[in-house]
Amino acid sequence: MKVLIVYYSTYGNVYKMAKLVAEGVRQVKGAEPAIRTVPELIPQSVIESHEDMKAGRQMQKDVPLVTLDDFKEAGAIAFGTPTRFGNVSAQLKNQIDQLTPLWFAGALEGKPAGIFVSTASLHGGQETTPLTLMAPLLHLGMIIVGVPYSVQELLTTQSGGTPYGPSHLAGQESKREIDLQEATVCRALGRRLAEIGLLLQKKS
Ligand SMILES: Cc1cc2nc3c(=O)[nH]c(=O)nc-3n(C[C@H](O)[C@H](O)[C@H](O)COP(=O)(O)O)c2cc1C
């Protein structure tokens with residue numbers, strides 16, 4: 001079963017989280033991750049004039065763009081985004097808006113979905129971003145999967161990691177590395193999506 005990990009990332013933090021979610025998926029027999037990104041909306045001239053944005057693009061140059069078939073074929077889906085004013089990025093939302101044909105066909109109904117996010121500041125969207133992104137996923141009929149408190153890192157973290165989904169505190173310059181606790185919560189989401197996706201496949 002394929003677990004689609006679809007994300008947007010400007011500077012690379014959410015991309016690194018996507019790779020950790022993929023590690024969690026790989027821990028489950030019968031599941032394999034597929035990491036995909038979405039079209040950029042920032043003008044190329046703006047990217048070219050910012051070294052950190054250019055580095056972020058370069059890091060992700062080999063990641064394929066997601067297709068509607070990727071969404072159809074997936075047994076579970078993880079959505080990753082940096083926070084933008086406490087909310088989902090326009091790039092990921094733009095892709096979700098293009099799921100309308102699948103919405104009309106009910107093609108995503110019953111698929112488990114998880115969310116992972118990165119923010120610059122500790123209280124600037126770690127919780128509002130996953131919670132608000134849940135609304136469109138519920139419209140699409142997806143079953144929201146979070147991370148339970150049996151993952152001890154949710155209790156001990158001094159940075160990212162929420163029951164609504166993994167999160168990363170990237171810091172003001174978006175350069176803070178993902179720490180061990182944040183990474184553990186990322187892997188836990190990947191594992192859980194894979195396990196629940198496989199269970200649901202068996203039932204249908
Ligand atoms: C337009 C814009 C709005 C942002 N809004 C927030 C915000 O509300 N709260 C916050 O903590 N960080 C905010 N950030 C910072 C990003 O969330 C941060 O750079 C991101 O998590 C880094 O992820 P990336 O490396 O995957 O791009 C904003 C950044 C931009 C460009």
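Two residues are taken to be in contact if their C-beta atoms, placed from the backbone, lie within 7 Å. With that rule in hand, Arg187 makes a good starting point: leaving out residues up to four places away in sequence, Arg187 touches Leu20, Glu23 and Gly24. The structure is a predicted model, in which local features need pLDDT of at least 70 and side-chain atom pairs count only at pLDDT 80 or more, while totals for chains, interfaces and linings use all residues. Residues are numbered from 1 along each chain as its sequence is written.

Arg187 lies in helix H9; helices (H or I, at least four residues) and strands (E, at least two) are DSSP runs, numbered from the N terminus. A residue is called buried if 20 or more other C-beta atoms lie within 10 Å of its own, exposed if 12 or fewer, and partly exposed in between, with C-beta atoms placed from the backbone. Arg187 counts as buried because 20 other C-beta atoms lie within 10 Å. Between Arg187 and Arg26, 161 residues apart along the chain, the C-alpha separation is 9.3 Å.

Stepping back to the whole protein, the fold contains nine helices and six strands. The C-alpha atoms fill a box of roughly 50 × 40 × 30 Å along the principal axes. The radius of gyration, taken over C-alpha atoms, can be set against a globule rule of 2.2 Å times the number of residues to the power 0.38. The protein has a value of 16 Å, which agrees with the radius near 17 Å of a compact globule with 204 residues. Of the 204 residues, 45% are buried. Among contacts with a separation of 6 or more, 77% join residues 24 or more positions apart.

What lies at the heart of this arrangement can be described through its nonpolar core. In soluble globular proteins, nonpolar side chains tend to be buried together. A nonpolar core is defined here as a set of buried Ala, Val, Leu, Ile, Met, Phe, Trp, Tyr and Cys residues joined through C-beta atoms within 7 Å. The largest such core has 48 residues, and those with the most contacts inside it are Val3, Ile5, Val21, Ile77, Ala78 and Leu189. Two or more residues of this core come from each of strand S1 (2-7), H1, strand S3 (76-82), helix H5 (90-97), S4, helix H7 (128-139) and helix H9 (180-203). Ile5 gives a view of the packing: apart from neighbours within four places in sequence, its contacts are Ala18, Val21, Ala22, Pro33, Ala34, Ile35, Ala78 and Gly80.

Helix H5 shows how one element faces the interior. Gln91, Leu92, Gln95 and Ile96 are its buried residues. They lie on the same side of H5 because they cover an arc of only 140 degrees around the axis, the arc being that of the directions from the helix axis to the C-beta atoms. The cover over the buried residues of H5 includes S1, S3 and H7.

The ligand is surrounded by 19 residues, the closest being Ser9, Tyr11, Asn13, Pro82 and Gly124; a residue is near a molecule or strand if its C-beta atom, placed from the backbone, lies within 6 Å of it. Helix H1 (13-26) and strand S4 (112-119) are the elements that give two or more residues to this shell. The shell divides into six nonpolar, 12 polar and one charged residue, where Ala, Val, Leu, Ile, Met, Phe, Trp, Tyr, Cys and Pro count as nonpolar, Asp, Glu, Lys and Arg as charged, and the others, Gly among them, as polar.

Two loops hold residues with an unusual backbone angle. Most residues other than glycine have a negative phi. Phe85, in the loop between S3 and H5, has a positive phi of about 50 degrees although it is not a glycine. Phe85 counts as exposed because it has 10 C-beta neighbours inside 10 Å. Ser174, in the loop between strand S6 (167-169) and H9, also is not a glycine and has a positive phi of about 60 degrees. With 19 other C-beta atoms within 10 Å, Ser174 is partly exposed.

A last loop residue, Glu127, lies between S4 and H7. Glu127 is partly exposed, with 17 other C-beta atoms within 10 Å. Not counting residues up to four places away in sequence, Glu127 touches Thr162 and Tyr164.
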